[in-house]
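User: Please take a close look at one aromatic pair in this structure, and explain how its rings are arranged and where the two partners sit.

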Number of protein chains: 2
Amino acid sequence: MWVSLAGAVLCCVVMFVINWWAALLTNVIVLALYIYVSYKKPDVNWGSSTQALMYNKALTHSLHLTGVEDHIKNFRPQCLVMSGYPNSRPALLYLVHAFTKNVGLMVCGHVRTGFRRPNYKDMMNEQVRYQRWLLKTQIKAFYTPVFADDLRQGAQYLLQTTGLGRLKPNTLVFGFKNNWRNGEMKDVETYINTIHDAFDLQFGVVLLRLKEGLDISHIQDEIQTSQEKAPGMKDLLVSINIKDFDSDSSKPSSKSTSCQSSPLIFRDTKKPPMQLSPADEKLLTASQQFQKKQSKGTIDVWWLFDDGGLTLLIPYLLTNKNKWRDCKIRVFIGGKINRIDHDLSIHCKKMFEEMIEPYRLNEDDMEQEAAEKLKAEEPWRITDNELELYRAKSNRQIRLNELLKEHSSTANLIVITMPLARKGTVSSALYMTWLDTLTKDLPPILLVRGNHQSVLTFYS
Amino acid sequence: MWVSLAGAVLCCVVMFVINWWAALLTNVIVLALYIYVSYKKPDVNWGSSTQALMYNKALTHSLHLTGVEDHIKNFRPQCLVMSGYPNSRPALLYLVHAFTKNVGLMVCGHVRTGFRRPNYKDMMNEQVRYQRWLLKTQIKAFYTPVFADDLRQGAQYLLQTTGLGRLKPNTLVFGFKNNWRNGEMKDVETYINTIHDAFDLQFGVVLLRLKEGLDISHIQDEIQTSQEKAPGMKDLLVSINIKDFDSDSSKPSSKSTSCQSSPLIFRDTKKPPMQLSPADEKLLTASQQFQKKQSKGTIDVWWLFDDGGLTLLIPYLLTNKNKWRDCKIRVFIGGKINRIDHDLSIHCKKMFEEMIEPYRLNEDDMEQEAAEKLKAEEPWRITDNELELYRAKSNRQIRLNELLKEHSSTANLIVITMPLARKGTVSSALYMTWLDTLTKDLPPILLVRGNHQSVLTFYS
């Protein structure tokens with residue numbers, strides 16, 4: 001390298017020695033051209049050696065990292081966020097970014113169903129576009145779309161193989177499926193199974209629930225449509241042709257897999273170009289709450305089960321960030337397990353009964369054979385036996401929800417240990433009902449469950 | 001950071017001011033302890049901040065890299081090698097490493113079939129162990145095992161989601177399935193479909209064939225067994241308990257998916273602990289040929305179809321390396337396409353006919369319905385129609401093999417454009433026969449096919 005530099009300098013010197021005025025003229029012309037180019041900054045990719053160097057650095061450092069062994073002091077939450085298109089669930093994206101930024105890896109996974117063959121090139125182009133969007137909004141994340149038969153298989157693809165060496169996610173972050181009671185139960189089955197898969201593959205799991213919902217892609221779509229109708233307006237959006245996208249606002253949390261193109265820049269919401277429905281208005285406001293600095297308040301941690309400490313680590317990392325600096329952490333710890341069942345209001349219990357009613361198998365009222373057949377066909381159904389077996393656990397979720405409402409209804413964020421259900425013994429519908437009951441009508445709530453790997457030095 | 005340093009220095013100064021001899025004594029003791037620890041180097045992972053820094057560097061650089069756009073000057077072969085356990089196909093591993101080292105990414109993919117649930121922790125442990133083995137042998141690669149239903153699905157997992165951002169493989173490297181005629185045709189179907197999948201997903205494909213075969217895991221296993229019988233011998237191998245592993249030497253190239261544990265260090269082969277069969281002896285020698293410096297010779301490139309230039313780039317990168325420095329590149333380019341069919345020896349043609357005989361459908365000799373049924377059941381069968389349609393192409397493979405034998409039988413390595421077959425129109429058996437015919441009885445041969453992305457600045 002130094003030899004080349006010396007050679008270049010020598011060349012210049014010789015040039016001047018041979019014919020000084022011609023050399024001077026040449027230099028002036030070259031300099032003028034250089035200044036012109038660097039002033040105009042044409043949008044050309046020169047394929048410079050800097051880029052090659054960046055590649056080499058990234059590769060070398062990733063390879064070095066494989067030599068580092070795991071240590072509790074260096075544990076960090078590396079999140080795989082099932083975000084769909086990165087701009088369709090901003091609340092999820094910004095909250096996770098708040099605790100992974102500069103600390104850990106963040107991968108935005110996007111499972112696309114449908115035929116791979118004709119759509120693959122589209123996906124590649126979109127990957128480039130959304131990765132650029134992430135860079136522009138300064139979210140330090142990788143966008144990884146994947147084609148699969150369904151959400152579960154796609155999640156398995158991502159869980160097993162994303163990442164390189166030690167730069168590999170260890171925590172799966174999901175949005176809560178707010179609309180589970182309206183959609184098909186098959187989707188709930190897939191959703192719950194994905195959670196089980198994550199635990200099987202030694203991942204921690206984090207679920208975020210906003211009572212307003214998470215997915216705003218249908219709103220962005222509407223805004224964009226109205227924009228195109230009124231072309232005189234200031235063009236804040238990158239204009240993209242909209243393909244046939246069936247906007248259904250009733251499914252705020254379903255993984256959107258149709259091939260819509262969403263606007264890449266958020267619209268200034270202070271002067272909406274058209275009247276949104278009140279629900280959408282709320283949803284939009286809620287979805288942007290984690291982009292602003294958080295007001296003075298509390299992050300309430302309900303540490304009910306010791307799963308390694310992830311439930312504590314995440315709020316701690318949050319308060320390290322500027323946006324969350326004014327929030328205090330309050331930790332609630334479980335008391336005696338029997339006490340919880342006593343003071344249970346009848347009203348809440350009735351609500352729970354009503355909620356599970358449509359999903360019960362009710363095998364006592366049927367022939368045994370018919371019951372077995374139905375169970376085989378619809379494995380998510382709740383058997384009476386199961387309901388009896390887990391009555392205590394069901395009651396606990398109801399009571400916890402009451403306690404949460406009593407103590408944490410003004411918190412900025414609640415972080416609580418996620419209840420577990422063993423695969424095969426608890427049906428998807430019952431598990432989903434637990435999660436729903438536990439998190440109902442509350443401020444933003446994070447359900448967290450580590451993979452029993454210790455993450456706090458507190459233990460060692 | 002600097003404030004902390006200043007504080008520390010100040011503390012030391014104050015210490016000496018207060019009581020100089022006690023301070024001196026303390027310092028001496030601390031220094032002695034430090035020297036003792038750094039001299040003994042106990043095998044303890046301290047979880048130091050250096051490790052945290054390495055993680056941060058790797059992450060930051062990988063993130064920076066996402067901002068870099070593709071450019072032809074910065075193209076590099078990033079290989080996903082289907083190596084199974086990294087030490088079971090050394091020839092494949094070392095050859096690929098020769099052209100990716102310090103230049104591009106190399107990922108060793110390993111598809112494991114069988115039940116995921118009980119074996120997952122085993123796999124995690126093995127991943128750590130084999131990654132350490134790769135580090136020790138100074139092969140700069142990532143080992144990525146994955147659980148899947150079959151080879152094809154596993155390959156899809158790896159093709160779609162390994163890597164982070166731009167550190168993502170773009171070339172799939174396989175060993176040639178030498179034993180395809182002995183095994184089940186279902187495996188061949190899977191094998192060929194994996195190749196098609198790779199092309200669908202915009203990957204380049206490279207196949208390596210050694211006439212002796214690639215997989216030496218059964219030999220390592222035998223050596224290890226004999227070692228355990230004679231415990232007095234020098235323990236060159238890391239001793240691992242062998243689980244039930246059915247060693248079948250007839251399948252040198254099949255993806256081994258049983259849960260054997262292979263020895264992690266190669267045995268010194270100059271004094272084999274027991275007599276290997278001549279075939280195994282040859283296989284072992286062949287598998288180590290790319291670890292040594294290559295003797296003076298040629299790398300013959302048969303550039304028959306313009307697929308973007310990968311066929312030329314790989315040999316060029318090879319000759320840049322010290323081991324391959326003495327090899328010259330000779331490039332053969334296709335002439336007129338008609339000429340090739342003329343001078344075809346009858347002997348070779350007969351051999352080809354014999355080879356495909358067992359896989360033909362022979363629908364002309366059967367009822368139409370029976371033929372259709374058989375075709376539906378065994379889609380890999382070659383129909384007469386297809387054979388007629390592709391007679392010219394079949395003949396070309398036979399003739400090419402003759403030409404290769406004539407001109408390149410002494411080459412150190414042959415690199416040749418891989419013939420393509422459109423999915424659905426050419427049956428797996430016929431395609432496999434083409435590949436087999438083309439590469440028969442030759443020195444190490446690489447079949448290469450780019451994804452039609454230009455990789456040489458020559459084009460632009």
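Analyst:

**An aromatic pair within one helix**

Trp434(A) is buried in this predicted model, its relative accessible area being 0%. Its partner Tyr431(A), with a relative accessible area of 1%, is likewise buried, because a residue counts as buried when that value is under 20%. The two belong to helix H16 (residues 428-438) of chain A, where they are three residues apart and hence separated by about one helical turn. A pair of aromatic rings is described by two quantities, the distance of the centres and the angle of the planes. For Tyr431(A) and Trp434(A) the centres are 6.3 Å apart and the planes stand at 90° to each other, an edge-to-face arrangement, since the centres lie within 6.5 Å and the angle is over 60 degrees.

The search of the whole structure finds 17 aromatic pairs over all chains. Another of them, Phe174(A) with Tyr191(A), is edge-to-face because its planes meet at 70°, with 5.2 Å between the ring centres. That pair links distant parts of the chain, 17 residues apart: Phe174(A) lies in strand E4 (residues 171-175) of chain A and Tyr191(A) in helix H7 (residues 185-200) of chain A. Both Phe174(A) and Tyr191(A) are buried. Elsewhere, Tyr85(A), Tyr130(A) and Tyr143(A) form one aromatic cluster.

As for the surroundings, chain A has 16 helices and nine strands, and 52% of its 460 residues are buried.

How values were computed. Residues numbered from 1 in each chain as written. Chains lettered and ligands numbered in written order. Predicted model: local features only at pLDDT ≥ 70, side-chain atom pairs only at ≥ 80, totals over all residues. Heavy atoms only, no water. Phe/Tyr/Trp six-rings, centres within 6.5 Å; stacked < 30°, edge-to-face > 60°. Helix = DSSP H or I, 4+ residues; strand = E, 2+ residues; numbered from the N terminus. Buried < 20%, exposed > 50% of the residue type's maximum accessible area, 1.4 Å probe, protein only.
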